[in-house]
Amino acid sequence: MKYLLYFALLYVLLPFNLYIDLISILIFYLVFNEDERFALIFSFFAGLLIDLFHPVVLGVNILIYVIFVQTLLYVKKYFKQNMWVNWIVFAVYYLAKVFVTHIAISAPVRIQPIIFTIMCFLPLVLISNKIKYKVWMRT
Amino acid sequence: MSRRQLAFFFSLLLISITFLSLGEHTKLTISTRLSPILLFPVTTITKLLDFLSVSSTRITELETMVNRLRLENAEWKKIILLDTTDYQTTEYRLQKAQIIGRDPSNINSYLYINIGEKEGVRIDQPVLSIDGLIGKIRYVGNNYTIVETIEKHGFAASALDAKTGIHGIVKNHGNLVFDFVRIDDEINIGDSVYTSGMSDIFPEGILIGTVKKIDESDDQFFKPVYLKPSVRINRLNYVYVVYGKENN
């Protein structure tokens, strides 16, 4: 049921993703809080939807998301989760994703959505954790 | 990381690389086929939002248009009614005049209008709008005229209640009061009060106002009846000066 909810959320967030990349935040959140295989499928599907919704090069977002999610799944066991570490990891992950996307499709880099996304990450994750797990941050 | 997980990752990776390596035409075909299915919820919601946004803009435009047409309609009605009055009443003639000034000390007590002696205006001629009585001419200049309105303290006109036929005098004592209504006279809130014609100044049948309050009085004979003027003087731009037989 909760997986369906994530997919519904993906559809809700998709039209607003150009202004603030909430899908990346959602994927990052899933990597740390849900089943690894689901996180991979979800990132694949999210990439596919983004590629179809903002058609530039079919497959590029799928590839970037799948690789980044798999990387995150691999490295997450090497650091201890806390609020600031998560934020820094997200910032690095997101900036790398933007950089790779920029190289892959020569898309112009828009600073404002990047700043908004990084700024919004922490409050959104904290609120989600509080709602779902009754704690601000899972460690 | 389990082998299974790794295999899963590589299969997804393979699919995405396959997508990337396809030719432009194939990519376009796949996109065209997949989009309506996978993006159906998003496109539906986006279309709905667009529709709502366009609808709300359109509603605002239409509301503005309706308001403008209402105002225009009201203006046309006034003109038609005045023309009809002019046509039907051979006894009186109306001349339209523009308000060019107001008394700054009491903005609704005196109006300055753009006709004067040249147009044959005389002191005490009644002035009205289609909504009712405005007042009478107080001073006539060469090319302007001062109108004393019903909102001037001390203004008076003979009047009658159209429903019950009670006669009295409408006076401005700070409020517009229908004087000399006897304690036992039947008069109701909402009744319209018109000029009675029992004076040399105002012809009969011009609406002055409606009864808004009837006070209990200690007076043995009369009860104070308060009127709401039919004309909002501060909203006027034009008035009509009434010419009687002698003015014609």
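This report covers the fold of chain A, its contact with chain B, and the nonpolar cores of a predicted model.

## Fold of chain A

Chain A is helical: 6 helices and 0 strands. Along the sequence the pattern reads α-α-α-α-α-α.

Chain A has 139 residues, and 35% of them are buried. Take the contacts in chain A between residues at least 6 apart in sequence: 58% of these join residues at least 24 apart.

## Interface of A with B

The two chains meet through 20 residues of chain A and 20 residues of chain B. On the chain A side, two helices each supply at least two residues: α3 (36–53) and α4 (60–75). The most comes from α3(A), with 7 residues.

By class, the side of chain A that touches chain B has 16 nonpolar residues. The rest are 2 polar and 2 charged residues.

## Nonpolar cores

The largest nonpolar core holds 38 residues. Within this core, L26(A), I27(A), A46(A), Y65(A), V66(A) and V69(A) touch the most other members. Both chains contribute to this core. From chain A, α2 (22–33), α3, α4, α5 (83–105) and α6 (111–133) each supply at least two residues, and so does α1 (3–21) of chain B.

L26(A) also has partners further off in sequence. Setting aside neighbours within four places, L26(A) is in contact with L9(A), L10(A) and L13(A).

A second core of 37 residues is separate from the largest one. Among its members are V121(B), I134(B), V147(B) and V193(B).

Terms used
Residues numbered from 1 in each chain as written. Chains lettered and ligands numbered in written order. Predicted model: local features only at pLDDT ≥ 70, side-chain atom pairs only at ≥ 80, totals over all residues. Contact = placed C-beta atoms within 7 Å. Helix = DSSP H or I, 4+ residues; strand = E, 2+ residues; numbered from the N terminus. Nonpolar A, V, L, I, M, F, W, Y, C, P; charged D, E, K, R; others polar. Core = buried A, V, L, I, M, F, W, Y, C linked by C-beta atoms within 7 Å. Buried ≥ 20, exposed ≤ 12 C-beta atoms within 10 Å, placed from the backbone.
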